[in-house]
Amino acid sequence: MTTSRWSGTKDLTPAQRREGLRERTGLDETDLAALEPARGLSVEAADVLVENVIGVLGVPVGMATNFTVDGEDVFVPMATEEPSVVAAASNAARWARETGGFRTSSTGPVMMAQVQVVDVPDPLAAKSRLLERREELIGAANEVDPVLAGLGGGCLDIVPRIVDTARGTHVVVHLVVDVRDAMGANAVNSMAERTSDLIGEIAGGTARLRILTNLADRRLVRARAVFTPDSLGGPEVVTQMLEGAAFADADPYRAATHNKGIMNGITAVVLATGNDTRAVEAGCHAFASAQGTYTSLSRYEQDADGSLQVTLEVPMPVGLVGGATRSHPVAQANVKIIGPDSADRLARVIAAVGLAQNVAAVRALATEGIQRGHMTLHARTVAVAAGASAEEVSQVAAALVASGVIRSDRAEEILAQLRSGRA
């Protein structure tokens, strides 16, 4: 049985980590080969993915350990340039292991497209006419993608709405679609475009915009974890974390940074698996404003035993088929590491990582402050920027941390001293 509990990874080389991962997951060496830059995304392959390609940008892919999600251990690849993100997620996952890890649930892979209809003289009656022909519209939408319908997905419903705008009253029809293991943008956009004329005709107006909404509030994923006072550092830390979370609930200025920390984890896994980071981020931040004011995406409570109960609910439109997930070799390798059997499972793992990232950040803020751990790891980046070689990075970073001044000019001074001492 695979266990994601793996200590000492920071002391290994990338090659040793890949080999250890291969041994623990049972993957073949070829499954992880694309994680080597020379064998990853080539310029030629990139030229097929987007327009006017001139090169590729490498982003570090770290491996989060210690995760147990719904009783199954999993290693999670995270693509990020920010120090401390992977370590923070792994630490919080280790704390959650004591109480069984992360539990998740979801509403299923349901996306929506919108068809905007303008110049409707009788919007209320138009809404009724559209509902009267609901089955006809659902059938027309499903004719667009019979394969999706054959897999158990397809258009499930149509929901007409009346929206007052600065340009008058519009009738907006939502096509509610089960997209199965796809992210779903292409499927729902095609359905909206192919049914828009019929929708406009029934409504008695002119169809205009026809596109998905990234506020995927019918594709929600929830994650929950329990953290004991001992795992966090004591009852006083729990109290301090509850106070910090209450601040994020009440104040949009704090909530923006609080949620950015959640997205540090979510976006890193979404990017690593070749999914659409912008769609997920837009949906999450819109969802945070769904009640009329921007607030925290996570919720903190203390249970009767004094433990911290943390929950997270977010839209998660990710897929396993189509797009870069199937065409980017590094994304393929990262999906294999996670090993999801469905897009829904991938979404649940991603939500668990977002929750872990948030707990680690709130704990750091409530105790020693965010800079202590972050800047310690950031010192390595500063050392590299100052010109340190691979053999010199650790020494320069350690000297930076010891001096308490983590700046490029200080790193250059330390590097010069180090090299003069060897001369």
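This short talk walks through one sheet and several salt bridges in the structure above.

Before I begin, please keep in mind that this is a predicted model, in which local features need pLDDT of at least 70 and side-chain atom pairs count only at pLDDT 80 or more, while totals for chains, interfaces and linings use all residues. Residues are numbered from 1 along each chain as its sequence is written, and side-chain values use heavy atoms, with hydrogens and water left out.

Let me start with the sheet. Four strands, in the order β3-β8-β10-β9, make up an open sheet with antiparallel pairing; two strands count as paired if DSSP finds at least two bridges between them, and the elements themselves are DSSP runs numbered from the N terminus, helices being H or I with at least four residues and strands being E with at least two. Because β3 (103-106) and β9 (298-302) each have a single partner strand, they stand at the edges, and one side of each is left without a neighbour in the sheet. On average, neighbouring strands of this sheet are turned by 15° against each other, direction ignored; axes here are lines fitted to C-alpha atoms, for helices over the stretch in contact, and angles run from 0 to 180 degrees between N-to-C directions.

If we look at one edge, β9 pairs with β10 (residues 308-315) in the antiparallel sense over five bridges, and Arg 299 stands opposite Thr 311 in β10. Helix α15 (residues 343-366) packs on this sheet and touches β3, β8 (220-227), β9 and β10, where contact means heavy atoms within 4.5 Å. The direction of α15 makes about 45° with that of β8.

Now to the salt bridges, each being a side-chain nitrogen of Lys or Arg within 4 Å of a carboxyl oxygen of Asp or Glu; by this rule the count comes to 21. One of them joins Arg 345 and Glu 72, at 3.5 Å from N to O, and this pair links distant parts of the chain, since Arg 345 belongs to helix α15 and Glu 72 to strand β2 (residues 72-79), 273 residues apart.

How accessible are these two partners? Arg 345 is buried at 14% relative accessible area, whereas Glu 72 is partly exposed at 48%; buried means under 20%, exposed over 50%, and partly exposed in between, with a 1.4 Å probe and protein chains only.

Another salt bridge holds Arg 97 and Asp 73, whose closest N and O atoms are 3.1 Å apart. Arg 97 lies in helix α4 (residues 85-97) and Asp 73 in strand β2, so this pair ties together parts that are 24 residues apart in sequence.
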